[in-house]
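The following paragraphs lead the reader through a structure, chain by chain. Please keep the sequence and the three-dimensional view at hand while reading.

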Amino acid sequence: MTNEPIIELHDVAVEFSGFKAVSGLNLSVTKGELRCLIGPNGAGKTTALDVICGKVRARSGRVLLKGQDITRLSEYRIARRGIGRKFQVPSIFREMTVRDNLEVGYCKHLGVFSNAIRFRRAERDGLEKLAALVGLDDVMDEPAGYLSHGQTQWLEIALLLAQNSEVILLDEPTAGMTVQETMHTAKIFNSLKGRHTIVVVEHDMAFVREISDVITVMHQGKVLAEGCAADVQNDARVREAYLGSGGIAHA
Amino acid sequence: MIDIVSQISVGLSIASILLLIALGLAIIYGTMGVINLAHGEFVMLGAYAVWFLQTYLGIGLFAGLILVFVLIGLVGWVVEWSLIRRLYDRPLDTILATWGVGVILQQGVRLAAGAELRYVKMPDALVNPVAFMGYDESAYRIFIFVVAVALLFVTYILVFRTEFGLQLRAITQNRDIARCFGVNAKRIYSLTFAYGAGLAGLAGALVSPLKSVSPDMGTNYVVDAFLVVVAGGVQSLLGTVASSYLIGQASGVLAFLSDDTMAKAIVFLSVVVLIRLFPQGLFAMRVRRS
Amino acid sequence: MKGNGHIKRTLLGYFAFCVAILIVPIFISDAYLLNKFARYLVFGLLSVALSLSWGYAGILNLGQAVSFGLGSYCMAMALKLRTIPIQTGAGGLPDFMVWNNVQTLPWFWEPFHSYAFALFAGIAVPVAVAFLIGWFIFRARVSGVYVAIITLAMLVVINLLIIDQQRFTGGFNGITDLTTFELFGVQFDAYSTALYYLAAIILSLTLLLGFAFVNSKTGLILQAIRDDETRVWYFGYDVANYQNFIFCVSAAVAGVAGMLYTLVMEFASPTFLAVPISLSIVIWCAVGGRASLVGAALGAIVVTGVQGSLSDTQAFLDTWMLIMGALFIVIVLFLPNGLVSMLELIWRKKRPLQGSASARLVASRASRAGQATGHRAVSSR
């Protein structure tokens with residue numbers, strides 16, 4: 001595994017009608033790494049992901065992907081360069097079947113015209129394997145809107161796997177999952193490390209400890225501390241930020 | 001010079017009418033997310049109401065105004081209560097349903113009152129031009145402008161300085177939380193819709209002496225009003241006012257330079273281009289959608 | 001789309017419909033009736049055009065009549081230029097131009113001397129207008145609601161323009177007194193069997209091609225866009241392109257319908273480009289089932305068929321419109337997917353789900369009921 005950074009944020013600031021969600025944010029993620037972003041609510045974690053994938057535009061600063069400046073690019077161009085994103089709020093295609101959802105996610109071919117003559121039976125097997133991986137193989141033909149909350153999370157992860165991006169950004173992927181499901185998710189993420197670079201915003205510390213190489217703690221729009229789990233837990237500034245909540249062990 | 005001044009005054013009265021209609025629309029859309037395609041028919045009903053009051057009951061325009069506001073407001077209330085409230089989570093379907101309401105209202109009027117053009121008399125007091133800044137101005141147009149400004153002021157007070165307005169703004173921002181605080185969303189929605197409808201009816205009443213009254217007069221106005229709302233940005237009262245006056249004035253000038261149709265076409269194209277540059281309208285707030 | 005079985009069933013339905021409309025002339029030979037039916041088929045085609053954008057991609061085009069009208073005018077212009085000089089007026093100019101003191105044929109009328117050009121224009125002009133407007137509104141990423149308003153405004157404006165420019169367009173009266181269209185030796189008189197077949201064949205072809213198209217990957221992506229437009233961008237698809245594409249395809253189909261309509265009605269008029277007809281298209285589509293091409297066609301045929309068989313008087317039409325308005329509201333409230341969806345419901349009731357999928361479905365529905373509302377995802381503005 002090389003040590004070249006694949007995602008870099010330099011002094012990024014994002015503002016919403018005067019409210020500084022993120023300011024002076026500096027972040028660097030290495031290729032193949034699994035990075036967790038944690039922090040109290042309002043720390044700017046989701047905004048950080050938003051800036052990387054192009055959902056919001058930085059007021060100042062630069063965002064680099066593989067050394068190239070993507071700060072001003074539209075989100076679909078950023079996606080084409082290899083960034084996939086899962087959002088905090090469930091965003092699957094409720095009226096389509098699970099199978100159809102995965103087919104949309106399988107976005108190797110993007111053109112309107114080329115897709116107009118492309119019929120969908122071709123990728124069937126690959127998608128079924130994907131569904132099996134996340135345990136959705138027996139509901140392939142159900143409308144996605146009928147899935148339970150946990151299953152919806154699975155589908156979202158499966159969509160990202162279908163997209164097969166180099167960089168995968170996830171916002172609270174285990175929200176609402178049982179312990180078992182969380183552990184399964186951890187297994188999947190660990191297997192993706194190396195081939196993919198993963199950045200996860202999470203609250204579940206057990207999960208975070210299980211999967212991450214490096215943890216970045218954010219607070220009030222900036223990076224507060226960075227390091228492996230043990231370092232971060234013992235960091236005085238982090239303790240202070242989480243003052244009263246018994247430290248991040250209970251985050 | 002006379003032409004320019006009269007041009008400005010014509011533009012102002014067009015803008016004022018537009019403002020009244022757009023205001024009602026904007027309030028309804030801004031608060032409830034409802035696109036009311038029957039809004040034009042509310043305007044039309046206001047005009048017919050005045051004609052009816054004048055022709056059959058001998059009530060003049062001035063006295064009729066309040067009556068019309070209340071009457072059309074009532075119609076709005078009924079529409080909201082019976083139909084709109086079932087469609088809050090379906091914005092595209094609301095458009096369709098209100099379009100249906102518009103059709104029913106228009107056809108109803110056509111069947112009841114006939115499709116011929118009707119005429120409303122201008123109140124005697126305002127028929128003669130008044131001298132204004134050395135030029136003769138149509139008193140009626142000035143009257144329209146004054147009423148529009150007055151209503152704008154009233155609306156502002158209502159929305160920003162009353163308890164009702166506070167609750168209205170609360171449910172606009174976040175309906176569920178506001179309800180947790182005891183705000184009766186249903187009632188507010190009904191009242192808001194009724195208010196918007198009343199404003200439209202008033203606009204119709206005011207414009208009736210200037211143009212003839214017919215069952216299909218509504219469509220033109222609703223399209224103009226929507227362009228105003230789209231250009232100005234929905235969440236902003238200021239935006240609606242500014243773009244009413246911008247578009248009203250521009251229409252007036254363009255109509256003077258070429259003709260009504262060209263004016264409309266140019267305004268339309270301008271709005272389409274404008275929207276490409278400012279998709280949220282000219283005065284939108286940037287909010288993080290979560 | 002669901003599994004293979006579903007697709008096969010649907011395709012069968014489409015075939016049945018096509019066969020049904022194609023064999024009508026075997027049983028009906030009354031020229032007047034054939035013309036009426038041809039008219040219904042044209043409306044069916046128009047309804048299909050709207051269904052493509054609205055039902056599949058969620059684009060509510062309230063101005064679909066624009067494409068329709070433009071197509072019809074193109075055909076009318078070509079036919080007018082070939083009409084025997086007696087009706088055309090002096091010097092080969094259409095009569096209304098002569099009445100308006102136009103001296104020479106305007107430049108944009110010239111190419112319509114050729115049928116090939118007219119046929120091309122009947123599709124190209126609506127598509128060009130759609131592409132232009134579409135480029136602005138879809139790139140701007142305005143919400144569906146704004147798209148509806150803007151397309152309605154476009155309709156009103158273009159309608160006014162056509163009426164206004166009566167020196168070039170025949171104004172309020174439109175372009176009348178047209179010769180009969182002839183192609184490859186076949187005369188397509190308004191009351192001929194040939195015209196009926198033309199309409200039926202075009203409708204059938206459109207339905208079958210349309211079916212293939214909506215089952216392609218592009219069709220799937222468009223449905224995803226309808227479901228959650230914002231999410232689709234993040235896969236890298238250029239959503240605006242997809243939207244503009246289907247918008248233009250709809251325009252093309254509506255343009256063809258317009259050309260046929262001129263042949264059926266023997267004139268072109270600004271009423272083809274007006275709000276009432278645009279509203280009707282939406283109603284047909286809603287009644288029949290917007291997300292089903294054949295449903296949309298059926299909706300148009302059934303509604304206009306019933307309307308046509310009852311009466312033609314103005315008083316009736318006004319009342320009919322009122323009833324339609326009410327019916328429309330009822331459909332929007334209770335049957336948003338039209339009558340065709342009723343068939344789907346019946347089918348589902350007869351075929352309950354098997355095994356674990358069923359149990360999971362029941363369980364997940366229960367848990368879903370507990371999920372908060374307002375989770376409209378990262379989507380709709």
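Two strands are said to pair if DSSP finds at least two bridges between them. The model described here is a predicted one, and this notion of pairing is the starting point for its chain A.

In chain A, strand β7, residues 167-171, and strand β8, residues 197-201, are joined by 5 bridges and run parallel. One residue of this region can be followed by name: Asp171(A) has Val201(A), in β8(A), as its bridge partner. These two strands belong to an open sheet of 6 strands in chain A, whose order is β6-β7-β8-β3-β9-β10 and whose pairing is mixed. Which strands form the edges of this sheet? They are β6 (83-86) and β10 (222-227) of chain A, each of which pairs on one side only. On average, and with direction ignored, neighbouring strands of the sheet are turned by 20° against each other.

A helix lies against this sheet. Helix α1 of chain A, residues 45-53, packs on it and touches β3 (34-38), β6, β7, β8 and β9 (214-219) of chain A. The direction of helix α1 of chain A makes about 150° with that of β7(A).

The sheet and this helix can now be placed within the whole of chain A. The secondary structure of the chain comes to 10 helices and 10 strands. Its C-alpha atoms fill a box of roughly 55 × 40 × 40 Å along the principal axes. Why can the chain be compared with a compact globule? A compact globule of 251 residues would have a radius of gyration near 18 Å, and chain A agrees with this because its own value is 18 Å. Of the 251 residues in chain A, 49% are buried. Where contacts in chain A link residues at least 6 apart in sequence, 65% of them join residues at least 24 apart.

Chain B has 11 helices and 2 strands. Read from the N terminus, its elements follow the order α-α-α-α-β-β-α-α-α-α-α-α-α. For the 290 residues of chain B, a compact globule would have a radius of gyration near 19 Å; the chain has 19 Å, so the two values agree. Taken along the principal axes, the box filled by its C-alpha atoms is roughly 55 × 45 × 35 Å. Buried residues account for 51% of the 290 residues in chain B. Among its contacts between residues at least 6 apart in sequence, 77% join residues at least 24 apart.

Chain C contains 17 helices and 2 strands. Of its 381 residues, 51% are buried. In this chain, 80% of the contacts between residues at least 6 apart in sequence join residues at least 24 apart.

It remains to consider how chains B and C meet. How many residues of each chain are in contact with the other? There are 34 residues of chain B in contact with 38 residues of chain C. On the side of chain B that touches chain C, the elements giving two or more residues are α4 (91-113), α9 (217-232) and α11 (260-277) of chain B. Of these, α4(B) gives the most, with 15 residues. By residue class, this side of chain B divides into 22 nonpolar, 6 polar and 6 charged residues.

Key
Residues are numbered from 1 along each chain as its sequence is written. Chains are lettered from A and ligands numbered from 1 in the order in which they are written. This is a predicted model: local features need pLDDT of at least 70, side-chain atom pairs count only at pLDDT 80 or more; totals for chains, interfaces and linings use all residues. Two residues are in contact if their C-beta atoms, placed from the backbone, lie within 7 Å. Helices (H or I, at least four residues) and strands (E, at least two) are DSSP runs, numbered from the N terminus. Ala, Val, Leu, Ile, Met, Phe, Trp, Tyr, Cys and Pro count as nonpolar, Asp, Glu, Lys and Arg as charged, and the others, Gly among them, as polar. A residue is buried if 20 or more other C-beta atoms lie within 10 Å of its own, exposed if 12 or fewer, and partly exposed in between; C-beta atoms are placed from the backbone. The radius of gyration is taken over C-alpha atoms; the globule rule is 2.2 Å times the number of residues to the power 0.38. Axes are lines fitted to C-alpha atoms, for helices over the stretch in contact, and angles run from 0 to 180 degrees between N-to-C directions.
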